[in-house]
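Opening the notebook on a new chain today. I want to look up the overall layout, then the voids, then a few odd spots in the backbone.

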Amino acid sequence: MKTTKDFYTMKQNQEKITMMTAYDYPSAKQVEAAGIDMILVGDSLGMTVLGYESTVQVTLDDMIHHSKAARRGAPNTFIVSDLPIGTVGVSIEHDVKNALKLYQATNCNAVKAEGGHLTDFIAACKNIGIPVVAHLGLTPQSVGIMGYAVQGKTKDAAEKLIEDSIAVMKAGAIALVLEAVPSDLAKVITEKLSIPVIGIGAGIDTDGQVLVYHDVLKYAVDRKPKFVKVFGDFSTGVDALKQYHQEVKSKQFPTEEYMYKVKVMGEIND
């Protein structure tokens, strides 16, 4: 399993870091088998797995449940687990308690928290040994306020993002996820930080990239954000399920090949 130190070395050596967002045992197992560096159990599971319209309905119990499943599927991969809306940003005592619960219950390697206002929380977690990955730019938990839009498009907004990025690093964040920002701004932030910057919709100059398992494999998702490239097509599963449905209806399945052939009924009747 790679460590935080390994990711710092990768940044220094300009070796790109791969991260995949996965939410359960089978997806995490596939991600580990592919050799991907990190797994993010994101609260985006609200939309991709639970069928919600956004991340805001996701609870801490949801995150614990899915993160434990992902850990069982990927025992040898660095896993980051999301702190959902309402679990941080209330008070240091409240926030750290939730972070500790998530960290201990799931055996993840780090927790992730959205927003540049959480520097005190990040520092408090560092003090008790909880690694925190910060998340800036488009922060989905704040979609009700900011909407789904590219962030940092104005001079003032860009300067604020740079300022927040440096602040979370100084507070003790071990890495930064930077979402939906102009590529030239992401390049500047990446160069200014000594911690790895993982981009999603942030161009090629970040230290690494993260995408969502379901998006990459076109698995039961209808959306396709601009920054997503589809590398496989699980949507063909619908055709396979239709074939199963038709073969059962027409009595084509199961054939003898799929039956147990031990003859016991005669003995029972006797």
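My entries follow, going from the whole chain down to single residues.

**Entry 1: the whole chain**

I note at the start that this is a predicted model. I looked up the secondary structure and found 12 helices and 8 strands. The C-alpha trace spans about 85 × 40 × 35 Å along its principal axes. Of the 270 residues in the chain, 47% are buried. I also pulled the accessible surface, which comes to about 14,700 Å². Carbon and sulfur atoms own 54% of that surface. For the contacts, I took pairs at least 6 apart in sequence; 58% of these join residues at least 24 apart.

**Entry 2: the core**

Which residues touch the most other members of the largest nonpolar core? I got Leu83, Phe121 and Leu176, out of 72 residues in that core. Helix H8, residues 155–171, gives the most to this core, with 6 residues.

I picked Phe121 for a closer look. Setting aside neighbours within four places in sequence, I find Phe121 in contact with Leu83, Val88, Ile92, Asp95, Val96, Ala99, Ala113 and Val132. So that I don't forget: Asp95 is on that contact list too, and Asp counts as charged.

**Entry 3: the largest pocket**

I asked for pockets next. The largest has a volume of about 750 Å³. It is lined by 36 residues, and the closest to its centre are Leu138, Glu179, Ile200, Pro225 and Phe227. The elements giving two or more residues to the lining are helix H3 (45–48), strand S4 (110–114), strand S6 (175–179) and strand S8 (208–212). S8 has the largest share, at 3 residues.

How does the lining divide by class? I read off 19 nonpolar, 7 polar and 10 charged residues.

**Entry 4: the cavity**

With a floor of 30 Å³, I find 1 cavity in the structure. The volume of the largest cavity is about 40 Å³. Its lining is made up of Thr4, Phe7, Ile17, Met38, Ile174, Ala175 and Pro196. By class I have 6 nonpolar residues, 1 polar and no charged ones. The polar one is Thr4, because Thr is not on the nonpolar or charged lists.

**Entry 5: backbone oddities**

Before this search I reminded myself that most residues other than glycine have a negative phi, and most peptide bonds are trans.

Asn107 turned up with phi near 60°, a positive value in a residue other than glycine. I located Asn107 in the loop between helix H5 (92–106) and S4. Is Asn107 buried or exposed? Asn107 counts as exposed because its relative accessibility is 53%, and the cut-off for exposed is over 50%.

Ala180 also has a positive phi, near 55°. Its place is the loop between S6 and helix H9 (183–192). Ala180 has a relative accessibility of 8%, so I log Ala180 as buried.

For peptide bonds, I have a cis one joining Phe253 and Pro254, with omega about 5°. Pro254 sits in the loop between helix H11 (237–249) and helix H12 (265–269).

**Entry 6: two spot checks**

I looked up Lys126 in helix H6, residues 119–128. Lys126 counts as exposed because its relative accessibility is 53%. Which residues does Lys126 touch, not counting those up to four places away in sequence? I get Ala171 and Gly172. Lys126 and Gly172 are 46 residues apart along the chain, and their C-alpha atoms are separated by 6.2 Å.

Then I went to Gln57, in the loop between H3 and helix H4 (60–73). Its relative accessibility is 38%, so Gln57 goes down as partly exposed. Leaving out neighbours within four places in sequence, Gln57 is in contact with Tyr52 and Asp62. I also took the distance from Gln57 to Lys160: 28 Å, C-alpha to C-alpha, for a pair 103 residues apart in sequence.

Key
Residues are numbered from 1 along each chain as its sequence is written. This is a predicted model: local features need pLDDT of at least 70, side-chain atom pairs count only at pLDDT 80 or more; totals for chains, interfaces and linings use all residues. Side-chain values use heavy atoms; hydrogens and water are left out. On a 1 Å grid over the protein atoms alone, a cavity is a set of points where a 1.4 Å probe fits but cannot get out, and a pocket is an open set with protein on both sides within 12 Å along at least five of seven lines; lining residues have an atom within 4 Å of a point. Grid points are joined across faces, edges and corners, and a volume is the space filled by probe spheres set on the points. Helices (H or I, at least four residues) and strands (E, at least two) are DSSP runs, numbered from the N terminus. A nonpolar core is a set of buried Ala, Val, Leu, Ile, Met, Phe, Trp, Tyr and Cys residues joined through side-chain atoms within 4.5 Å. Buried means under 20% relative accessible area, exposed over 50%, partly exposed in between (1.4 Å probe, protein chains only). Contact means heavy atoms within 4.5 Å. Accessible areas come from the Shrake-Rupley method with a 1.4 Å probe; for residues, only the protein chains shown count as cover.
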